[in-house]
Amino acid sequence: MRIGVMVCHCGNNIAATVDCEAVAAAAREFPDVVYATDHMYACSDPGQKTIEQTIRDLKLDGVVVASCSPRMHEMTFRRAVERAGLNRYMFEMANIREHVAWISLDRKRNTQKATDLVRMAVEKLRVDRPLTPKSFDVQKRVLIVGGGVAGIQAALDCADGGLDVLLVERKASIGGIMSKLDKTFPTIDCSVCVLGPKMVDAGQNPRITLHTCSEVEEVSGYVGNFEVKIRKRTTYVDWTKCTGCGACQEKCPSRKVPDAFNENISLTTAINIPFPQAIPKRATINAAHCIRLTKGKCGACAKICPTGAIDYEMQDEIITEKVGAIIAATGITLFDHTRLGEYGAGRYPDVVTSLAYERMLSASGPTAGHIKRPSDGREPKTVVFISCVGSRDRSVDRPYCSGFCCMYTAKQAILTRDHIPDSKAFVFYMDIRANGKGYEEFVRRAQEEYAVEYVRGRVAHIYPTAGPDGGQLMVRGADTLLGAQVEVAADLVVLAVGAESSTGAPELAEKLHISYDHYGFFMESHPKLRPVETNTVGIFLAGACQGPKDIPASVAQASAAAGKVLALLSKDKLESDPQIALVQAIRCIGCGKCERTCPFGAIRMRELRDGSKRAEVVETVCQGCGICSVTCPVRAIQLQHFTDSQLLAEVNALCRTWDETTES
Amino acid sequence: MQSPLQAIDLTTSRDQSFVEDVARESGQDLRSCYQCGNCTAGCAYTMNYDIPVHQIMRLVQLGLRDKALSCRSIWLCATCQACTTRCPNNIEVAVVMDVLRHMARRAGHAPERLVKTFTDGFLASVARHGRVFEAGLAACFALKSGKPLQDAGLGPAMLSRGKLAFLPHEPGGNGKAEVAAIFQRFLKDQESGK
Amino acid sequence: MSAPLGYYPGCSQSGTAAEYDISTRACCKALGIELADVPDWTCCGSTPAHTVDHHLAGALSARNLLQAQAAGFDRVITPCPSCLSALKTADAHLAHETYRAKVEHLLGRPGPGPVNCQSVLQVLFEQIGPGGVKAKVTRPLTGLRVAPYYGCIMNRPPGLMNFDDPENPMAMDALLSACGAEVVDFPFKTECCGAAFGMPRLDVMQRLSARILDMARSCGADAIVVACPLCQMNLDLRRGQVNSASGQDITMPVPYFTQLLGLALGLPDADLALGKLVLPLAPALIAAKEREAQREAHREGERAAKEAVKAGHRPAPQPVCEEDAPCA
Ligand SMILES: Cc1cc2nc3c(=O)[nH]c(=O)nc-3n(C[C@H](O)[C@H](O)[C@H](O)COP(=O)(O)OP(=O)(O)OC[C@H]3O[C@@H](n4cnc5c(N)ncnc54)[C@H](O)[C@@H]3O)c2cc1C
Ligand code: SF4
Ligand code: SF4
Ligand code: SF4
Ligand code: SF4
């Protein structure tokens, strides 16, 4: 065998603490190594050219590059050796940057360790075998989970590109948080006016199938061929018949149901259409409040419905669909301010969340756009906004900044001054995060043009007081710029509650086999270079489910995810990774341990004619995790490219060098 | 806080050992304070402070030892725990105030003389009797404070309700001696600078 | 009957707060909680000790924990939040080796092992509970509007005190409701009253106590109910000083919660030492009775009007009951 080795300096990243020339020199002495050199940047164009040229000139059978983490550049180098005619698996990488140069300053010992790692790579390469991927057909359909603005945008883009789209939304209508907003920063344009047409498009596009009141139950399969089970929760209304006329809602006698769409500041009926622009515009029965479903009486809606759509016997339905790719766009929920005793823990009706306030501002909201105090319906004259409620707060385990609340608070303060010109608006803030285009200017307008009083400091306590016109809320805070305690007697307090990952996000992530952080936000594959991909091939992220984001950023990411999906599914066939488990049938004793241990269900037991059993790997399902190979008692199941002999070759190489260094 | 007459040179004015001492003695991560002002907002004593509590935290962060130790605020903090309870960074601010008070005492500061007089009187009473002798403490404070009549009006009400004991209510067993011994060891350590 | 609990009265309870001690013992007895004094207890050091030195404070408290342990108590209860805070702080800090060593040096002997310290309020709330109290109430405090005032350190800092909600504690509310009282939503439950500044900085204490009284009055309370001897002293004994500084004349009484509890349990007056309160409780109880009588009359009127409607008469206009108007 003829092996070539290249040791990379990575500029100064490696060379500062590793003697790369010495490593290359040592490598020349290793068995089968016919060539070894060092290079300033192995991944650069000249670096790759050198590798290709050397393979051709010296008729190499394999290459080792000692440089950064394989997560960074393994694909780069595999493609390079492939261009020069080698099998891409006849390549090994030794990580001498993250595992050596960046963790120690001891040049001598670093050089020794780097040499050891190169020797391990060489020894493994000597027993590596060429592997060839198999190709398989792909489903040209995409599943999008979550129908907020991000999910809608991704659906429209994918449909535009010719893919069939399944859009699964948990609520009765798509639209997400944006459908509840009044106006949007920094342009103060009407939220529903810009979102509404997109929702309608999504509802009408023949390539898009909406599944609202639905959730993902189970996901199996792999990129190109996912199989998903979707639970369609019962609505007790046959949507193929319902026309959305609303007659049922008029007649329903159960009228004291907290209206979730209006953030529970108003009431609705047990059967309802969540809001006038809902897509699909269909009625749903809230079973907990339906008199017929809880007490067996009533049935008013069934009597009035002109199309006979009501079905009290309706059950949940589970459907199974095949898709080639998945986009998660489940967005956010908001911090539960009732955890904060100092702000009343939800006891004071005139302490409201920012989202409830959006509903109070909205012309289609419960107060028809007139700002009224929930307690007594009076128009507030002094409104206090508090930022960072449940954000940047370690004491409630929410240390992160929610990113967009500074901006919507400025927006809401402006709108308050707009709606009630003789009102006063105060904003308690710690820092103002306004780093989008036109954002800083927007905040300055709030301060200068709209005379919103910004007070730099947190609020420690809100308590009710007897004001001149009925109850007010005393807001006691600090003005840290003055170095003083300050108080504002407020008629209404708006809490800029922070963003949290959507309810059930970790559970969904488990179903999708994607990672999530401590707070339930989904993890991108690389924070800079792969911001919309996940570590599971074929699954992408859009919108605030990956981290708090405003609308422009959510939409941009949605289009990016759609672009990735379109690129992926533009091919008719995909190649499978050959680094998967393989059963040596002669060794297998049919014990079935591997079948039981595989987390992906990739192993089947096949019965032979003599009645004995053998394990068999379903190639397209196997993820190459290797759990089966350590479970097998007779070592009959081996992970390709990580076989026992390959790993032992590495271990032996390491032990040998260790012997040598300790003896000397 | 009153502005100084000269710009504070942040490099030369920093007393790093002070920063470290406060951190060690209080066990708090002082750097995590981001000056939100929640402590000041909730502190019932802010109006009486010469430096609000969040700015005391800032003085400690910057190592401005003399300013931090000579202020009145640290003597007026009642350890009510409002600040500690609400600090978004889980800093036990009240403990920091306590530690600064200890240091101020050691450095000989006592801008709120009567607070110190009261504290000393209280502990002297405990050292002497094993328990606080309330009437004795009040009488002693009245003498030393220079305001002998401040609480004179309370006497009759207490007397008629049997709340004014003229003799200390001392523990019966070894308690009194043991408490006295604790104080003796403490004072000896203080003198020897331990 | 379970083993008796170690009871640490604290200095105030043998002087200015004798009524707290007397009523606590009486209530516990009536509710079947057996108390036995920590033998030969001494001062816990209270606030003055920890403001001077944490190890001195630790040693003064630790001595009492040792006494309790020697007497075989694994749980110590005290009525006073300041004592509780001192004992709990010492107990928590003794887990740290260097702290322990210094405290043991001051003590001159090995320090105590862990001791579970609780307030009387916590024990009554957790062991008897509102349900248990309700079952034993013989003289309900019907009509009495009370503002429960917990003081600043009964529940704070939450990490140390580990009992009830630090912003809106409810234990006393629940016990007083169980006694039949009407508990107002008191926003200053945990605001500081001026603590021990009555002597050294009377002006500070006057300002802070005045705020609390003012808030209780605007909530329409007949009485402020307390669980801390220092709060009680500032709001009751020092009321004249507070009123004179604020220019108000608030005469609202400030009983300990154990006194009201004992009253509802039907305990004899001697067990409650009501006479030791500077501002008498009686006017509040009378106001409550009158209010209740007025309400009963109102209800009676409504019943009569309903009957009349049933019988076909037009209802006579009802006088609006002033006391029923929501409190400001
Ligand atoms: C009060 C307030 C005001 C705001 N104002 C502005 C503004 O003026 N301008 C601006 O740019 N941004 C604003 N924002 C931010 C904006 O709301 C977000 O950027 C935007 O909603 C993010 O869109 P999204 O689609 O990622 O998430 P979402 O809007 O949260 O949508 C997610 C959708 O997924 C659904 N879903 C969740 N989990 C599942 C599941 N497991 N299965 C199926 N479906 C699921 C949800 O029901 C929801 O419909 C504001 C936010 C708030 C709270
Ligand atoms: S269920 Fe019937 S009545 Fe109700 S909206 Fe649909 S069609 Fe109209
Ligand atoms: S965006 Fe502003 S209000 Fe929201 S968490 Fe960040 S700093 Fe606080
Ligand atoms: S509350 Fe905490 S973080 Fe905020 S200023 Fe005070 S000490 Fe600093
Ligand atoms: S503990 Fe001291 S600094 Fe903190 S809020 Fe109370 S009085 Fe103020």
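Trainee: Which residue of chain C forms a salt bridge with B:Glu112?
Mentor: In this predicted model, the rule for a salt bridge asks for a Lys or Arg side-chain nitrogen within 4 Å of a carboxyl oxygen of Asp or Glu. B:Glu112 supplies the acid, and the closest N and O atoms of the pair are 2.8 Å apart. The partner is C:Arg201.

Trainee: How many salt bridges are there between chain C and chain B?
Mentor: The pair of B:Glu112 and C:Arg201 is a salt bridge between these chains. Polar contacts are a separate count, with 31 residue pairs at pLDDT 80 or more on both sides. For salt bridges between chain C and chain B, the count is six.

Trainee: Which helix of chain C gives the largest share of the side that touches chain B?
Mentor: Several helices of chain C supply at least two residues each to that side, namely α2 (46–52), α3 (54–70), α5 (97–107), α9 (202–218) and α10 (229–237). By class, the side holds 28 nonpolar, 18 polar and 12 charged residues. The largest share is seven residues, and the helix that gives it is α2(C).

Trainee: How much area do chain C and chain B bury between them?
Mentor: The contact involves 58 residues of chain C and 58 residues of chain B. Carbon and sulfur atoms hold 61% of the buried area. The total is about 5100 Å².

Trainee: Which residue of chain A meets C:Asp185 in a salt bridge?
Mentor: Between chain C and chain A there are two salt bridges and two residue pairs in polar contact, counted at pLDDT 80 or more for both residues. On the chain C side, the residues divide into four nonpolar, one polar and four charged. C:Asp185 has an N to O distance of 3.0 Å to its partner, A:Arg347.

Trainee: What share of the area buried by the chain C side do C:Glu167, C:Asp185 and C:Pro187 make up together?
Mentor: Nine residues from chain C and nine residues from chain A take part in this contact. The area buried between the two chains is about 780 Å², with 52% from carbon and sulfur atoms. In chain C, the three residues named lose the most area to chain A, and their joint share of what that side buries is 47%.

Trainee: Within chain C, how far apart are the C-alpha centres of domain 1 and domain 2?
Mentor: Chain C is divided into domain 1 (5–120) and domain 2 (135–288). The C-alpha centres of these domains lie apart by 24 Å.

Trainee: How many salt bridges does the rule find across the interface of domain 1 and domain 2 of chain C?
Mentor: The contact takes 25 residues from domain 1 and 24 residues from domain 2. About 2000 Å² is buried between these domains, and carbon and sulfur atoms give 77% of this area. Three residue pairs are in polar contact, both residues being at pLDDT 80 or more. The number of salt bridges is zero.

Trainee: How many charged residues does the shell around ligand 5 have?
Mentor: The residues around ligand 5 include B:Cys43, B:Cys77, B:Cys80 and B:Cys83. Two helices of chain B, α6 (82–86) and α7 (93–106), each supply at least two residues of the shell. By class, the shell has 10 nonpolar and two polar residues, and the number of charged residues is zero.

Note on methods
Residues are numbered from 1 along each chain as its sequence is written. Chains are lettered from A and ligands numbered from 1 in the order in which they are written. This is a predicted model: local features need pLDDT of at least 70, side-chain atom pairs count only at pLDDT 80 or more; totals for chains, interfaces and linings use all residues. Side-chain values use heavy atoms; hydrogens and water are left out. Contact means heavy atoms within 4.5 Å. Buried area is the accessible area (1.4 Å probe) that two parts lose on being put together, summed over both. A polar contact is a pair of N or O atoms within 3.5 Å; within protein, one must be able to donate a hydrogen and the other to accept it, and residues adjacent in sequence count only if both atoms are side-chain atoms. Helices (H or I, at least four residues) and strands (E, at least two) are DSSP runs, numbered from the N terminus. Ala, Val, Leu, Ile, Met, Phe, Trp, Tyr, Cys and Pro count as nonpolar, Asp, Glu, Lys and Arg as charged, and the others, Gly among them, as polar. A residue is near a molecule or strand if one of its heavy atoms lies within 4 Å of it. Domain bounds come from an automatic or database domain assignment.
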